[in-house]
Amino acid sequence: MKKIPLWLDMETSAFPKLEGDDECDVLIIGGGIAGVTVGYFLSQSHKKVILVDGARIGRGVTGHTTAKITSLHHLLYRDLSEKLGEDTARSYGRANQEAIDLIEEIVRKENIDCHFARNRMSVYAEAEGDTDHPREEAEVAAKLGLPASYLEQSELPFGIAGAVSFDHQAQFHPLKYLSALAEIAARSIEIFENSRAVALDEGDLVRVEFENDSVVRAKAVVLATHYPFYDKKGGLFARLIPDRDYALAIKPETRVDGMYISSAAATYSIRPYQDLLVVGGVTHRPGTVSDTEGCYRKLEEYMHERVGIAEIRYRWSTQDNFTADRMPYIGPISQDTPNIYVATGFNGWGMSNGTMAGKLIADLVEGKENSYEKTFDPSRFSLRVEGGRLLSHSWETAKEFASGKFGGTVDLKEIREGEGGVVEYGGDKISVYRDENGKLHGVKPQCTHMGCIVSWNNAEKSWDCPCHGSRFDYTGKVIQGPAAKNLERTKVDDSL
Ligand SMILES: Cc1cc2nc3c(=O)[nH]c(=O)nc-3n(C[C@H](O)[C@H](O)[C@H](O)COP(=O)(O)OP(=O)(O)OC[C@H]3O[C@@H](n4cnc5c(N)ncnc54)[C@H](O)[C@@H]3O)c2cc1C
Ligand code: FES
C-alpha cells in the first residue's frame, strides 16, 4: 500500500520558483482547482497574470480529493430552500450543474486526457427510518430544475432503504485535469511553484511578500489558497470551519459503477476509478484526533462490511472548509477591498464549486457580468443563518484550543520512535517527534497563525492545529494554511 493519494502517483510539469520582484495586473495565489481555473480563463485575456503556489500545482486538497463532479452535494437543497429561499437554492444548483458541463467543455476543447466520464451520483440511506430526507431532497431538487429522482434500489452490493439520485453527473482524474489546465494556461501566464506568500498589504497596487523576500505588486489579487492566509477583511477565520476526512483506493471484491455517498451525518463515499474504488469517510476537526491511524481502520471496517476489500492500494487524508450557510465564499473579500478576491468554503464539493469559482472570479476581474456574483458574495452575512453556529462551533472552540486545553502534555520518555507529543521541557511546552533512528525533533507548539497549540497526527506524522486547520510536518514546515510561516524549531537533548 502506498501512503499517498492515488492521483499523485504521477509526474507533472515542474514550474520555477519565484525569484526577485515583479508587477502584474492579476496575482493568483494558490494552484488548486480554484486558482488554476481562474488562471486558465484569464490566460485568454490580455492581462499580465502571475499564478504562484506555495508547494506544487494541484497537489493540495485538489490532489487529495475523491473527485466526484456533481451538483448533488449530500442533502442540501431542501435545507437551502428553507433557510435561504428557493431562488438561492436554484442559483446554487444551476451554478454547480453548469460547472460539470464547463469541465466537460474544457476537457473536449483542450483535448485533456483525464478519464472524464459521465456517471450517476446518489445519496443513500441504509435504514428505513432515514428515507424521508432523501425523498424530500429528490422532490425539492427536481422542482429546482436539477436532474433528480428517488430510487429504492441501487447497484451497491449492500442493501439500501432509498436514495436521491442525479443523472448525468461526472468523475475524472483531478491531477491529470489540473496539470493539463496549468500547462495550457502557462502558454500565456507565468506560473511559479514552491513560492509561499507570507504577507499582503492592501492598496490600489496590492503588495504581496513571499517567504524568500520577493515582492509582487498587483492591481488585483486572487486568494485561492484553500483557507485564506489573509483575513484583515471579511472575518473568514471565524466563518470557515475545516473538517478532515480519510480516503482509500481499494481493489474491491465487488465492482461498483455509480458514485455514492451515505446520507447520515457521518458520511461515507464510494466512486469507481478503473478497476479500483476510491472510498472516503470518517470526519473530524483537524488537530482534535491524535490516533488518526484509528480513522483509517474505521473506514476500512465500513468498506470491508459493505463492498469487501481484496487489497488496499493507496491511502491518504485531507480536509476541506465548511461554511455555516453551506455556500462558498467567492468574490471580493470585503466591500472596501474590491481588488482582493477570495474563493473558499467549498463544503466538500470543490470540483464543481472550484470550477464555478474560477469562472466567476475571472469574469469579475475582467468586469464581465456573471449571474452568480450575488449568490456567492463573501460579504453576505445573515446572523440568523451564520451567527449561532459560528459562534458556538468556531470562535468559542478556537478560544478554548488557543488556551491549550486540548491534548495536554505527555512524558518525553513515553514518546516512542515514529511518534510525537507535546511535552514539558526546560519549563516550557514543546512539541517533540522521535524519528525512526531515535533522534528528537523539537518545535514550539504555538501555531504561527494565531497561536493555538498544535497536536500530533500519528498517521500523517504532522502537527495539526485545531483552530483553523493549519498543518506542519514534524520539522515544523507548513503543509497547509492558513499559517504561512513554519513552526519555530527548538533543540531537544537526544539522550532523553
Ligand atoms: C476527503 C475529501 C474528499 C473530497 N471529495 C470531493 C469530491 O468527490 N467532489 C468534490 O467536488 N469535492 C470534493 N472534495 C472537496 C475538494 O477536494 C476541495 O473543495 C477542493 O479541492 C479545494 O480546492 P482549492 O483550489 O480551494 O484548494 P487546494 O487544491 O488546496 O489549492 C490551494 C493551493 O494553494 C496553495 N497555497 C496555500 N497557501 C499558500 C500560500 N500562502 N502561498 C502560496 N500558495 C499557497 C496550496 O499549496 C494549494 O496548492 C473533497 C474534500 C475532501 C477533504
Ligand atoms: S490555524 Fe489558526 S491558530 Fe492555528
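This report describes a predicted model of a protein chain with a ligand, taking its domains, the ligand's surroundings, a pair of helices and one loop residue in turn.

## Domains of the chain

The protein chain is divided into three parts by the domain assignment: domain 1, which is made of the segments 6–65, 175–238 and 326–386, domain 2, which covers 242–320, and domain 3, which covers 412–490. The C-alpha centres of domain 1 and domain 2 are 29 Å apart.

Domain 1 and domain 2 also touch, with eight residues of domain 1 in contact with nine residues of domain 2. On the side of domain 1 that touches domain 2, four residues are nonpolar and four are polar, while no charged residue is found there.

## Surroundings of ligand 1

There are 39 residues around ligand 1, and those that come nearest are G30, G32, G60, T65 and G350. Two or more residues of this shell are given by each of helix 1 (33–42), strand 11 (241–252), strand 15 (309–322) and helix 7 (350–365). Helix 7 gives the most, contributing four residues to the shell around ligand 1.

Sorted by the character of its residues, the shell around ligand 1 holds 15 that are nonpolar, 19 that are polar and five that are charged. Because domain 1 and domain 2 both give residues to this shell, ligand 1 lies between the two domains.

## Helix 1 against helix 5

Helix 1, which gives residues to the shell around ligand 1, also packs against helix 5 (residues 174–185), at an angle of about 30° and with the two axes 9 Å apart. The crossing of helix 1 and helix 5 is left-handed.

On the side of helix 1 the contact is made by I33, V36, G39 and Y40, and on the side of helix 5 by L178, L181, A182, I184 and A185. Of the residues in this contact of helix 1 with helix 5, eight are nonpolar and one is polar, and none is charged.

## A residue in a loop

F158 is found in the loop that runs between strand 5 (148–151) and strand 6 (162–171). Is F158 buried or exposed, judging from its C-beta neighbours? Since a residue counts as exposed if 12 or fewer other C-beta atoms lie within 10 Å of its own, and F158 has 12 such neighbours, F158 counts as exposed.

Another residue to look at beside F158 is E126, which is 32 residues apart from F158 along the chain, with 8.9 Å separating the C-alpha atoms of the two residues.

Technical notes
Residues numbered from 1 in each chain as written. Chains lettered and ligands numbered in written order. Predicted model: local features only at pLDDT ≥ 70, side-chain atom pairs only at ≥ 80, totals over all residues. Near = placed C-beta within 6 Å. Nonpolar A, V, L, I, M, F, W, Y, C, P; charged D, E, K, R; others polar. Domains from an automatic or database assignment. Axes fitted to C-alpha atoms, helices over the stretch in contact; angles between N-to-C directions. Left-handed = near helix turned anticlockwise from the far one by under 90°. Contact = placed C-beta atoms within 7 Å. Buried ≥ 20, exposed ≤ 12 C-beta atoms within 10 Å, placed from the backbone.
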